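Visitor: I am new to this structure and would be grateful for a close look at a single part. Could you please take me through the aromatic rings and their surroundings?

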Amino acid sequence: MTEASRQVGVVLRRRSIDNPWIDHMWSPLMLLDDVPATAPWTVLSSEADATIYYAGSASIDLFSSDTASYRDNLAEGEPRIWVALRRQDGGAELELTKVTADPTEGEAMFESGCDVIGTVPMSPDIASWIAAFVDEFHVERAFHKRKRDRTSEDRKREASEGPRGRKGGA
């Protein structure tokens with residue numbers, strides 16, 4: 001299997017919300033095409049109800065077996081990148097756990113129990129990189145419906161129903 005990897009910077013927004021159980025909400029804001037020389041969790045800007053953080057760098061990994069998913073993502077009107085974060089030891093600290101361009105993997109992350117999951121628009125530079133990977137490694141695979149093996153019960157039923165599926169033969 002062929003792989004490619006690219007480091008990106010992840011920017012998050014922490015905004016205050018009016019909720020009796022939680023006082024704020026995290027969401028991915030954007031990906032930076034290049035990793036800046038900025039320390040993770042640096043505050044980039046702050047307003048009354050929102051703070052923007054550079055969360056750190058993450059890797060987008062591409063696999064030749066997933067090119068159909070990347071192609072489908074690129075074919076959408078606005079291709080997306082999925083970002084997942086998890087709370088460290090159940091506390092308030094977040095860690096980047098995954099950044100992916102695969103919609104199937106992104107949707108699976110929603111069900112995996114990550115604490116913060118969201119999508120951001122894919123930049124033209126990253127889209128070009130992914131498109132080049134798809135062009136080089138995509139192989140169209142034909143769908144083959146698997147035929148179920150007949151069981152002894154199937155053979156008994158066929159024998160009693162006859163060739164046209166009716167009891168008694170003809």
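Guide: In this predicted model, Trp41 has a relative accessible area of 29%, so Trp41 counts as partly exposed, the range for that term running from 20% to 50%. Trp41 belongs to one of the aromatic pairs, of which the structure holds five. Its partner in that pair is Trp26: the ring centres are 5.7 Å apart and the planes stand at 80°, so the arrangement is edge-to-face, a term that applies to angles over 60 degrees. This pair links distant parts of the chain, since Trp26 is in strand β2 while Trp41 is in the loop between β2 and β3 (42–46), with their positions 15 residues apart in the numbering. Unlike Trp41, which is partly exposed, Trp26 is buried, because its relative accessible area is 12%, under the 20% limit. Tyr53 joins these two residues, as ring pairs link Trp26, Trp41 and Tyr53 into a cluster.

A further pair is formed by Phe133 and Phe137, whose ring centres lie 4.9 Å apart with their planes at 50°, and the pair is therefore tilted. Here both partners lie in one helix, α3, four residues apart, which is about one turn of the helix. Their accessibility may be set side by side: Phe133 is buried at a relative accessible area of 6%, whereas Phe137, at 24%, counts as partly exposed.

The helix that holds this pair deserves attention in turn. Helix α3 covers residues 124–137, 14 residues in total, and reaches 20 Å from its first C-alpha to its last, close to the 20 Å expected at 1.5 Å a residue. Phe133 is one of its buried residues, together with Ile126, Ala127, Ile130 and Val134. These residues lie on the same side of α3, because they cover an arc of only 125° around the axis. The face turned away from that buried side carries the exposed residues Pro124, Asp135 and Glu136. As for what covers the buried residues of α3, the elements include the strands β1 (3–16), β2 (24–32), β4 (50–63) and β5 (80–87), along with helix α1 (67–75). Strand β2, which holds Trp26, is thus among the elements that cover the buried residues of α3.

One last ring concerns a charged partner: Arg6 lies over the face of Trp129, at 5.7 Å from the ring centre.

Definitions and conventions:
Residues numbered from 1 in each chain as written. Predicted model: local features only at pLDDT ≥ 70, side-chain atom pairs only at ≥ 80, totals over all residues. Heavy atoms only, no water. Helix = DSSP H or I, 4+ residues; strand = E, 2+ residues; numbered from the N terminus. Expected span 1.5 Å × (residues − 1). Buried < 20%, exposed > 50% of the residue type's maximum accessible area, 1.4 Å probe, protein only. Arc of directions from axis to C-beta. Contact = heavy atoms within 4.5 Å. Phe/Tyr/Trp six-rings, centres within 6.5 Å; stacked < 30°, edge-to-face > 60°. Lys NZ or Arg CZ within 6 Å of the ring centre and 35° of its normal.
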